[in-house]
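This report covers the sheets, one helix contact, and the cavities and a pocket of a single protein model. The account starts with strand pairing and then turns to enclosed and open space.

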Amino acid sequence: MSVQYQMFEDNFWSENGFDELRRLMKQGSDFVKEVMSILHERSEMEKKYTNNLLQLSKKAKKANSLTVGSLSEVWDKFVESLESEAEMHKNQMLELQQQCYTPLKNFLENKIRQRKPLEQAVERNKKTYQDRFSDQLKYKRTAHSRCRELEQTLDQLEVLRRRGTATEKEVAKVDQKCRKSEESLLKSDREYKDSNIKTEETRLCWESSMYRCCRHLESLEHTRLEELTDIFQKYSQILLSIVTPLQETCDELTESANLVSADRDIEFLCQNYGTGPNNPEQLLLDTYEEEVNNSMNSERRESSLDRKIQDLEVDIDRKEKEKKGVETLSVAYEKTPDFIDEQGAADVTRQLIDANAMLNMLKANHFKLLNARSELSSLPSPDSPYSEFITTRRDRQGQVMSLLCVPINQISELEEQTQGFTAWQPPTSDKGATGGTRKPSLPSYEESRNSYPQYNEEEPGVDESDYHYICRCEVLYDYQGQQADELSIVPGDSIFVTEKIDEDWWQGNLNGVIGIFPANYVEEVEKYD
């Protein structure tokens with residue numbers, strides 16, 4: 001039975017996880033520098049010892065003129081032994097430089113060069129996420145404030161109409177103010193919802209860059225430990241080649257070097273310094289209409305909730321189409337595994353997890369609003385697996401903040417459980433023969449989604465049910481794909497973009513082939529809604 005070792009990507013999260021991992025990596029690099037310094041001094045000692053032996057051999061040759069006969073022959077052998085020993089120590093000095101010091105120096109320089117851009121990407125994406133997080137809280141406060149202002153204006157208008165003493169001009173003035181407040185509220189709600197989605201996208205982007213960085217740092221740590229193990233073994237062999245009395249010490253060093261295990265060392269780092277697994281916290285919408293204790297008009301509350309529920313269902317439809325595109329790409333790679341490397345397969349798997357996380361966030365928002373709407377219509381609260389993962393706490397301003405906390409290993413499973421969920425259709429109250437009202441009912445998801453706005457984007461060569469296109473771009477420069485998931489493009493090619501992965505890489509369709517390509521090699525010429 002194989003042993004499953006812990007990995008960096010599962011153990012260095014929370015607030016200071018990345019800083020702790022980076023500290024450990026720097027600590028490892030500092031150790032390599034110390035080893036290099038010691039090996040350099042050791043080789044300099046051999047160089048100095050070689051020069052001393054050569055000086056002694058010259059002195060011994062001069063002394064040979066003071067003796068004759070057999071003693072002179074013995075002395076000649078002594079001189080030869082000095083020269084031979086000097087040659088051995090010279091070779092030892094060269095071997096220490098070439099086999100131990102130089103490989104470590106090259107490895108350290110390469111490690112720092114590879115590690116720096118990955119760490120910078122994590123820091124940049126983390127800062128972007130924190131900024132978007134703060135922006136969403138601002139949009140939330142603005143949306144709530146606009147909703148309160150609209151309510152106050154509407155109440156004022158109703159009072160003027162009931163009294164009947166106000167002039168038509170006064171009523172028209174207040175009515176105009178109501179319309180402006182309503183337009184302002186709609187704008188604020190859109191900005192708040194868009195900010196919510198952008199916040200989640202930046203969080204997922206930061207999370208993806210963190211995963212990539214953790215995997216690469218773990219690979220570098222493997223290489224570092226293996227490189228040091230190899231250096232220790234070479235060092236012991238160099239000593240063994242000239243120093244017989246040090247045989248026992250060399251055996252002990254070899255035995256100790258053979259005991260080094262990269263996997264066990266990494267597991268030790270994870271167990272003793274890991275800051276915990278990734279526990280995502282997805283910030284959910286907290287709409288003004290959900291607060292039952294506020295003074296919002298019930299009919300307007302119901303109407304606003306209906307609109308927002310249907311808007312979310314349109315977003316869910318769009319994201320499900322995007323997810324189908326990633327799933328199609330994943331299936332294609334499974335059928336042709338020789339055309340994708342391990343990193344490419346890991347990226348596609350991560351894209352599926354990100355798509356499921358986004359759908360979970362949208363569906364949890366949908367469940368929250370649906371629950372509030374059902375309560376207003378005196379309907380039973382809907383059952384949803386998201387209920388057990390939604391928690392609340394207050395932000396620094398004291399406002400309630402809803403979070404979706406789904407364990408990382410349950411994100412995809414939870415999204416699969418909620419496929420084909422029941423959607424909300426604004427209820428109608430039909431009068432019966434006895435003058436009573438019929439209790440509103442919830443239609444199926446398929447019946448409800450037919451009433452939502454449908455996308456009809458006609459891009460050639462691709463079924464719109466599989467992909468949603470963001471824009472169309474034209475290629476400016478030649479690029480030859482280096483990996484199986486990269487497109488080879490030439491100037492004049494037209495690409496339909498399905499995802500802007502980051503600032504440097506986009507994903508799109510070129511003549512029926514889905515792949516990624518460098519964003520700075522193309523020019524965006526047409527945007528789609």
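The model is predicted. One open sheet has 3 strands in the order 1-3-2, and the pairing is antiparallel. Strand 1 (282–283) and strand 2 (390–394) are the edges of this sheet; each has a single partner strand, so one side of each is left without a neighbour in the sheet. The pairing of strand 1 with strand 3 is antiparallel and runs over 2 bridges. Within it, Gln282 stands opposite Leu404 of strand 3.

**The five-stranded sheet**

A further open sheet is built from 5 strands in the order 7-6-5-4-8, again with antiparallel pairing. Its edges are strand 7 (513–518) and strand 8 (522–527), each of which pairs on one side only. From one strand to the next, the twist averages 40°. Strands of a sheet pair through backbone hydrogen bonds, in either a parallel or an antiparallel sense.

Which residues pair with strand 5, and through how many bridges do its neighbours join it? Strand 4 (residues 471–475) and strand 5 (residues 494–499) run antiparallel and are joined by 4 bridges. Cys471 stands opposite Val497 of strand 5, and Arg472 has Phe496 of strand 5 as its bridge partner. Strand 5 is also joined to strand 6 (residues 505–510), by 3 bridges, and these two strands run antiparallel as well. Here the bridge partner of Val497 is Gly508 in strand 6. Val497 therefore has a partner in strand 4, namely Cys471, and one in strand 6, namely Gly508, under the pairing criterion of at least two bridges between strands. The connection from strand 5 to strand 6 is a hairpin through 5 residues. In a regular strand, side chains alternate between the two faces of the sheet.

**Contact of helix 3 with helix 6**

Helix 3 (residues 168–242) packs with helix 6 (residues 298–335) at an angle of about 35°, and their axes are 13 Å apart. The crossing of helix 3 past helix 6 is right-handed. On the helix 3 side the contact is made by Leu186, Asp189, Lys193, Ile197 and Glu201; on the helix 6 side it is made by Arg307, Lys308, Asp311, Asp315 and Lys319. By class, the residues of this contact are 2 nonpolar, no polar and 8 charged.

**Cavities**

How many cavities of 30 Å³ or more does a search of the whole structure find? The search gives 2. The volumes and the make-up of the linings are set out below.

| Cavity | Volume | Lining by class |
|---|---|---|
| Largest cavity | about 40 Å³ | 5 nonpolar, 2 polar, 3 charged residues |
| Second largest cavity | about 30 Å³ | 5 nonpolar, 3 polar, 2 charged residues |

The lining of the largest cavity consists of Ala143, His144, Cys147, Leu185, Asp189, Tyr192, Thr287, Tyr288, Glu289 and Lys308. At least two of the lining residues come from helix 2, and at least two from helix 3. Two names recur from the helix contact: Asp189 and Lys308 line this cavity, and Asp189 of helix 3 and Lys308 of helix 6 also belong to the residues that meet there.

The second largest cavity is lined by Phe12, Trp13, Ser14, Glu15, Asn16, Gly17, Phe18, Lys126, Trp206 and Met210. Helix 1 (17–63) and helix 3 are the elements that give two or more residues to this lining. Helix 3 thus contributes to the lining of the largest cavity and to that of the second largest cavity.

**Second largest pocket**

The second largest pocket has a volume of about 860 Å³. It is lined by 25 residues, of which Tyr129, Gln130, Phe133, Glu281 and Arg393 are the closest to its centre. Two or more residues of the lining come from each of helix 2 (69–163), helix 3 and strand 3 (400–404). Helix 2 supplies the largest share, 6 residues. The lining divides by class into 9 nonpolar, 8 polar and 8 charged residues. Strand 3, which contributes to this pocket, is also the middle strand in the order 1-3-2 of the sheet described at the start.

Methods:
Residues numbered from 1 in each chain as written. Predicted model: local features only at pLDDT ≥ 70, side-chain atom pairs only at ≥ 80, totals over all residues. Heavy atoms only, no water. Axes fitted to C-alpha atoms, helices over the stretch in contact; angles between N-to-C directions. Left-handed = near helix turned anticlockwise from the far one by under 90°. Contact = heavy atoms within 4.5 Å. Nonpolar A, V, L, I, M, F, W, Y, C, P; charged D, E, K, R; others polar. 1 Å grid on protein atoms, 1.4 Å probe; cavity = no way out; pocket = protein on both sides within 12 Å on 5 of 7 lines; lining within 4 Å. Points joined across faces, edges and corners; volume = space filled by probe spheres on them.
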